[in-house]
Amino acid sequence: MIFRQKRAPVSARREARIINKLGLHARPAAHFVKHVRTFRSEIWLVTGGGRYSASSLIDVLRANLDYGAGVTLEAHGTDAEEAVERLQTLLGELDKFDES
């Protein structure tokens, strides 16, 4: 009998700040969610107002992340550390959606 060793789930957290002058509105939120869904981990946005599923566009919009807002990225799963690292970087690049 062959036993495969399962990788233990990992948890990871990173702090991020919204730099898009219009906040995380529909277009950048959709772009963000699209990237979140490429990871196997369960990913959350945590704010002072609650905890929101990062894989749900509706939840990301409900998080109401305006310009300058701080948010914690939380992930739990096999690629959690990679997920929060890449998503933190992505949130720092979403200023290209600033349409002002």
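Asp59 is buried in this predicted model, with a relative accessible area of 15%. That puts Asp59 under the 20% cut-off for buried residues. Asp59 sits in helix H2, which covers residues 57-62, and it touches Tyr52 and Ser53, once residues up to four places away in sequence are left out. Ser53 is also a handy way into the sheet, since Ser53 in S3 stands opposite Trp44. From there, here's a tour of the rest of the chain.

**The chain as a whole**

- The chain has 3 helices and 4 strands.
- Starting at the N terminus, the elements follow the pattern β-α-β-β-α-β-α.
- The chain has 100 residues, and 38% of them count as buried.
- Take the contacts between residues at least 6 apart in sequence: 75% of these join residues at least 24 apart.

**The sheet**

- The 4 strands make an open sheet in the order S1-S4-S2-S3, and the pairing is antiparallel.
- At the edges you'll find strand S1 (10-17) and strand S3 (50-53), each of which pairs on one side only.
- Neighbouring strands in this sheet are turned by 25° against each other on average, direction ignored.
- Helix H3, residues 80-93, packs on the sheet and touches S1, S2 and strand S4 (70-77).
- The direction of H3 makes about 10° with that of S1. Angles under 35 degrees count as roughly parallel, so H3 and S1 are roughly parallel.

**The S2-S3 hairpin**

- Strand S2 spans residues 42-47 and pairs with S3 in the antiparallel sense, over 4 bridges.
- What joins S2 to S3? A hairpin does, and it gets from one strand to the other through 2 residues.
- Two facing pairs help you find your way along these strands: Thr47 stands opposite Gly50 in S3, and Trp44 stands opposite Ser53 in S3.
- As a general point, side chains in a regular strand alternate between the two faces of the sheet.

**How H1 meets H3**

- Helix H1 takes in residues 26-36, and its axis comes within 11 Å of the axis of H3.
- The two axes cross at roughly 165°, and H1 and H3 are therefore roughly antiparallel to each other. The cut-off behind that label is an angle over 145 degrees.
- The crossing of H1 and H3 is right-handed.
- On the H1 side, the meeting residues are His31, Phe32, His35 and Val36, while H3 brings Leu87, Leu90 and Leu91.
- Sorted by type, the residues of this contact come out as 5 nonpolar, 2 polar and no charged.

**Val33, on helix H1**

- Is Val33 buried or exposed? Its relative accessibility is 3%, so Val33 counts as buried.
- Val33 lies in helix H1. Leaving aside neighbours within four places in sequence, Val33 is in contact with Ala54, Ser55, Ser56, Leu57 and Val60.
- Val33 and Leu87 are 54 residues apart in sequence, and their C-alpha atoms are 9.7 Å apart in space.

**The loop between H2 and S4**

- Two residues are worth a look here, as Asn64 and Tyr67 are both found in the loop between H2 and S4.
- Asn64 has a positive phi of about 55°, although it is not a glycine. For context, most residues other than glycine have a negative phi.
- Asn64 counts as exposed, because its relative accessibility is 53% and the cut-off for exposed is over 50%.
- Tyr67 has a relative accessibility of 48%, so Tyr67 counts as partly exposed.
- Which residues does Tyr67 touch, not counting those up to four places away in sequence? They are Ile18, Ile19, Asn20, Lys21 and Gly23.
- One of those partners, Lys21, is 46 residues from Tyr67 along the chain, yet their C-alpha atoms are separated by 5.2 Å.

Key
Residues numbered from 1 in each chain as written. Predicted model: local features only at pLDDT ≥ 70, side-chain atom pairs only at ≥ 80, totals over all residues. Heavy atoms only, no water. Pairing = 2+ DSSP bridges. Axes fitted to C-alpha atoms, helices over the stretch in contact; angles between N-to-C directions. Contact = heavy atoms within 4.5 Å. Parallel < 35°, antiparallel > 145°, perpendicular 65-115°, else oblique. Left-handed = near helix turned anticlockwise from the far one by under 90°. Nonpolar A, V, L, I, M, F, W, Y, C, P; charged D, E, K, R; others polar. Buried < 20%, exposed > 50% of the residue type's maximum accessible area, 1.4 Å probe, protein only.
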